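This report describes a single protein chain, taking up its charged pairs, its helix packing, its surface and a few contacts in turn. The sequence and the structure come first.

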Amino acid sequence: MDVKAAPNGVATIEDRILRITGYYGYYPGYSSQKSTSRSSATRCKPGTNCPSSHSGISRQLSPLSVTEDSSAPILELQSRGSSGVCGHRIERQNRSGDDGTQTHPENSSQENRIRARCLSCTSVLLKAVWGLLIILSVSSSWVGTTQIVKITYKNFYCPFFMTWFSTNWNIMFFPVYYSGHLATAQEKQSPMKKFRECSRIFGEDGLTLKLFLKRTAPFSILWTLTNYLYLLALKKLTATDVSALFCCNKAFVFLLSWIVLKDRFMGVRIVAAIMAITGIVMMAYADNFHADSIIGVAFAVGSASTSALYKVLFKMFLGTANFGEAAHFVSTLGFFNLIFISFTPVILYFTKVEHWSSFAALPWGCLCGMAGLWLAFNILVNVGVVLTYPILISIGTVLSVPGNAAVDLLKQEVIFNVVRLAATIIICLGFLLMLLPEEWDEMTLRFINSLKEKKSEEHMDDVTDSSVHLRSRSRANGTVSIPLA
């Protein structure tokens, strides 16, 4: 098929496009020559002797070319182009092979990152599950202890004997810890070796008689005084009021730490302390400043104050302790209570301040239940720090307030007026404000800035999407012209 060239030497539309785009292998009649070469290539059947590509092309080019020299540069360009394509293919294959060897460690590193993220997410989920269980256990054990004390008071009122009896059960803290060590640890240690290891909380030399008397005596007195005042308050007030007032110990811990330990000043915690004091005053006003109400509030606030003093002194002299050291220390308090404080209930018995007819008449079931739940509460508080987040332990403590309120409502022992309900809510809110971390303001600002940045990015994405949409619409509605130069 003959190709008729245009007056300007351009045969077809494809030739015009190639000329416009500046294709380096362009010559007039390129498209028609390419079609004829394709037809000749398709006519060759397998088994027949087809001519070489170079000869076919040269023979087909000879009618259109002026001389053989004019076609030579075109053939040279095409041969260079074909060799260049092959070279590029080989280089791409080699690069792909090299990239395969390089992407293998990258893929492995990505897999390791994914595994690390999965492990971190799993650990966070496990901590959250353990935290939920610890919260329920801590609140229920504290509610159970308070309610059993109220039940025991109906037939037996000896608060110091009950305090001494329940404190003696602290001796079992370290055996419980050691049994858990035997059940979970891979490298098991003997009881004496583990005991010496945990006694480092008293110093490098361990527990000596001097340190036993010097370090254990003040903490044992504060422990006994805290529990004794708490039991005295339960005689004057309801369980809900006492548990709410005891939550003020967080505010007292902050004030003492700020004064004694020179901790960082935080305005939000000052507000929480003021809220706690306001709740205390409102709780006393709830019964129109009745004598028993004021005395009960004083006992509860005194219990919270001695508890705060115990925690601050522990941090000052002993620092932080792990689970084993805490178990050792609490068991040591139990031994000190059994050895040195046992004379006090004996004196109270013979002076008939706390007197009972016979040991058989004692409500052993209630006493053992109270002591067991108190021991469980102390164990759960220390275990919870290891298994989950410490803030959840505090939340479990404050949840004892609505728990006691629900039990008191079922027993019809409390009538919530507006003042008592407001005082309880204010104290609980102050307790929750105390749980805010020290960098809570910086964390809040970072969160707000991240939200602003995310909104700005979304706005920029919307603007770019709308501009692209407008461009596509203008292209669809307009026409594209190709010059025929």
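Both D241 and R420 are buried. In this predicted model, the two residues are joined by a salt bridge, with 3.0 Å between the closest N and O atoms. The pair links distant parts of the chain, since D241 belongs to helix α9 (residues 239-246) and R420 to helix α18 (residues 418-434), with their positions 179 residues apart in sequence.

How many salt bridges does the structure hold? There are two salt bridges in the structure, and the other partners to be described are E197 and K194, whose side chains meet at 3.9 Å, N to O. E197 and K194 are three residues apart in helix α7 (residues 191-198), and therefore about one helical turn separates them. The burial of these two partners can be stated from their accessibility: E197 has a relative accessible area of 32% and is therefore partly exposed, while K194, at 8% relative accessibility, counts as buried, because the cut-off for burial is under 20%.

**Helix packing**

Two packed helices are described by the angle between their axes and the distance between the axes. Two such pairs are set out below, each with its angle and its axis distance.

| Helix pair | Crossing angle | Axis distance |
|---|---|---|
| α8 (residues 209-236) and α12 (residues 291-317) | roughly 155° | within 8 Å |
| α11 (residues 267-285) and α18 | about 160° | 8 Å |

How are α8 and α12 oriented, roughly parallel or roughly antiparallel? Their axes cross at roughly 155°, and because angles over 145 degrees count as roughly antiparallel, α8 and α12 are roughly antiparallel to each other. The crossing of this pair, α8 with α12, is left-handed. For α11 and α18, the angle of about 160° likewise leads to a roughly antiparallel arrangement, and α11 passes α18 in a crossing that is left-handed. Helix α18 is also the helix in which R420 lies, the residue that forms the salt bridge with D241.

Helix α8 also holds T226, a residue that is buried, with a relative accessible area of 9%. The C-alpha atoms of T226 and A308 are 9.4 Å apart in space, although the two residues are 82 residues apart in sequence.

**The nonpolar surface patch**

On the surface, a nonpolar patch is formed by L125, L126, V129, W130, L133, V386 and L387, which together have about 640 Å² of accessible area. The elements that give two or more residues to this patch are α4 (68-152) and α15 (364-387). Which of the elements gives the largest share of the nonpolar patch? The largest share comes from α4, with five residues.

One of the patch residues, L133, lies in helix α4 and has a relative accessible area of 43%, so that L133 is partly exposed, given that the range for partly exposed residues runs between the cut-offs of 20% and 50%.

Helix α15 also contains A376, which counts as partly exposed at 28% relative accessibility. A376 and T145 are 231 residues apart in sequence, yet their C-alpha atoms are 9.8 Å apart in space.

**An exposed helix residue and a loop residue**

I339 lies in helix α13 (residues 323-340), and at 53% relative accessibility this residue counts as exposed. The separation between I339 and N168 is 171 residues in sequence and 9.7 Å in space, taken from C-alpha to C-alpha.

Most residues other than glycine have a negative phi. K352, by contrast, has a positive phi of about 60° although it is not a glycine. Where is the place of K352? K352 is found in the loop between α14 (343-350) and α15, and with a relative accessible area of 63% this lysine is exposed.

Note on methods. Residues numbered from 1 in each chain as written. Predicted model: local features only at pLDDT ≥ 70, side-chain atom pairs only at ≥ 80, totals over all residues. Heavy atoms only, no water. Patch = residues over 30% accessible without salt bridge, like charges linked within 9 Å, V, L, I, M, F, W, Y side chains within 5 Å. Areas by Shrake-Rupley, 256 points an atom, 1.4 Å probe, with all protein chains shown as cover. Salt bridge = Lys/Arg side-chain N within 4 Å of Asp/Glu carboxyl O. Helix = DSSP H or I, 4+ residues; strand = E, 2+ residues; numbered from the N terminus. Buried < 20%, exposed > 50% of the residue type's maximum accessible area, 1.4 Å probe, protein only. Axes fitted to C-alpha atoms, helices over the stretch in contact; angles between N-to-C directions. Parallel < 35°, antiparallel > 145°, perpendicular 65-115°, else oblique. Left-handed = near helix turned anticlockwise from the far one by under 90°.
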